[in-house]
Amino acid sequence: MKCIACGTELAEGALLCPQCGRVVSSADAVRQKAEAGNLSRKEFYKLPGMKACRGNIRTCAIVLYICSGITILAAVLLRDMFAASLIDGLLILGLGLWLQLGKSRVCAIITLVYGIAGTGLTLVQTGTVQGWWIPLAGAWAVAYTFKFHKLWNSYQKEGVLPEEAVSGKK
């Protein structure tokens with residue numbers, strides 16, 4: 001890695017440039033790694049401009065965890081549809097984990113479709129709208145997983161960090 005200010009070659013993990021005394025920021029290191037085409041997907045996801053994607057994908061997963069907990073608790077307490085409710089709760093938990101850990105567009109779409117189907121089925125059976133948090137989290141997850149993958153694919157194709165990924169501005 002080189003110092004951004006003077007171009008001096010820096011030792012791995014250096015905090016200061018020995019030539020000019022400039023503080024070496026982690027953003028400088030990431031930028032240089034990105035320019036060399038060596039930035040991993042995980043490092044890309046941690047860029048400052050990706051904060052909105054990180055926060056929103058995590059929030060969607062948390063909503064799914066809460067819905068899963070409520071569903072499993074209802075299965076245990078109500079017992080009339082124990083197996084179906086337990087499977088439903090575990091499926092929602094799995095979708096939340098897949099979304100949070102994998103940042104998967106496929107998972108986001110499955111969550112949206114599953115949520116719409118479940119809410120629609122409940123509406124037809126009971127006449128009330130229930131479970132609307134799941135399709136809401138799915139739609140939200142679709143938006144942010146697609147945004148993340150669009151920026152990641154742009155970086156991989158062009159080898160240049162998109163400004164939006166670095167600063168969060170379009």
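The chain carries 18 positive and 10 negative side chains, and the centres of these two sets are 3 Å apart. The model is predicted. Its fold has seven helices and zero strands. With a radius of gyration of 22 Å, well over the 15 Å from the globule rule for 170 residues, the chain is more spread out than a compact globule.

**Overall build**

- In sequence order the pattern reads α-α-α-α-α-α-α.
- The C-alpha trace spans about 75 × 30 × 20 Å along its principal axes.
- Buried residues make up 32% of the 170 in the chain.
- Among contacts with a separation of 6 or more, 53% join residues 24 or more positions apart.
- The exposed surface of the chain comes to about 10,300 Å². Carbon and sulfur atoms supply 64% of that surface.

**Aromatic pairs**

- The count of aromatic pairs comes to six.
- Phe44 and Phe148 form a tilted pair, because their ring centres lie 6.2 Å apart and their planes meet at 50°. A tilted pair is one whose planes are neither under 30 degrees apart nor over 60.
- This pair links distant parts of the chain: Phe44 belongs to helix 2 (residues 41-45) and Phe148 to helix 6, with their positions 104 residues apart.
- Phe44 counts as buried, at 0% relative accessibility. Phe148 is also buried, at 1%.
- Trp132 and Trp133 give a stacked pair, because the ring centres are 4.6 Å apart and the planes are at 25°. The cut-off for stacking is under 30 degrees.
- Trp132 is partly exposed, with a relative accessible area of 43%. Trp133 is partly exposed too, at 44%.
- Ring pairs also tie Phe44, Tyr45, Phe148, Trp152 and Tyr155 into a cluster.

**His149 and Lys103**

- His149 sits in helix 6 (residues 133-158). Its relative accessibility is 9%, so it counts as buried.
- Beyond residues up to four places away in sequence, His149 touches Arg41, Lys103 and Arg105.
- Lys103, one of those partners, is in the loop between helix 4 (82-102) and helix 5.
- Lys103 is buried, with a relative accessible area of 15%. The cut-off for buried is under 20%.
- The phi of Lys103 is positive, about 50°, although this residue is not a glycine. Most residues other than glycine have a negative phi.

**Thr111 in helix 5**

- Thr111 has its place in helix 5 (residues 105-126). Its relative accessible area is 1%, so it is buried.
- Setting aside neighbours within four places in sequence, Thr111 is in contact with Leu64, Leu95, Ile134 and Gly138.
- Asp80 is 31 residues from Thr111 in sequence. The C-alpha to C-alpha distance between Thr111 and Asp80 is 25 Å.

**Thr71 in helix 3**

- Thr71 lies in helix 3 (residues 51-78). At 17% relative accessibility, Thr71 counts as buried.
- Outside the neighbours within four places in sequence, the contacts of Thr71 are Ser85, Asp88, Gly89 and Ile92.
- Thr71 and Ile87 are 16 residues apart in sequence. Their C-alpha atoms are 9.3 Å apart in space.

**Thr8 in the N-terminal segment**

- Thr8 is in the segment before helix 1 (26-35).
- Not counting residues up to four places away in sequence, Thr8 touches Met1, Lys2, Cys3, Cys17 and Gln19.
- Between Thr8 and Phe44 there are 25 Å, C-alpha to C-alpha. Along the chain these two are 36 residues apart.

Notes:
Residues numbered from 1 in each chain as written. Predicted model: local features only at pLDDT ≥ 70, side-chain atom pairs only at ≥ 80, totals over all residues. Heavy atoms only, no water. Helix = DSSP H or I, 4+ residues; strand = E, 2+ residues; numbered from the N terminus. Rg over C-alpha atoms; globule rule 2.2 N^0.38 Å. Buried < 20%, exposed > 50% of the residue type's maximum accessible area, 1.4 Å probe, protein only. Contact = heavy atoms within 4.5 Å. Areas by Shrake-Rupley, 256 points an atom, 1.4 Å probe, with all protein chains shown as cover. Lys, Arg positive; Asp, Glu negative; His and termini not counted. Charge placed at Lys NZ, Arg CZ, Asp CG, Glu CD. Phe/Tyr/Trp six-rings, centres within 6.5 Å; stacked < 30°, edge-to-face > 60°.
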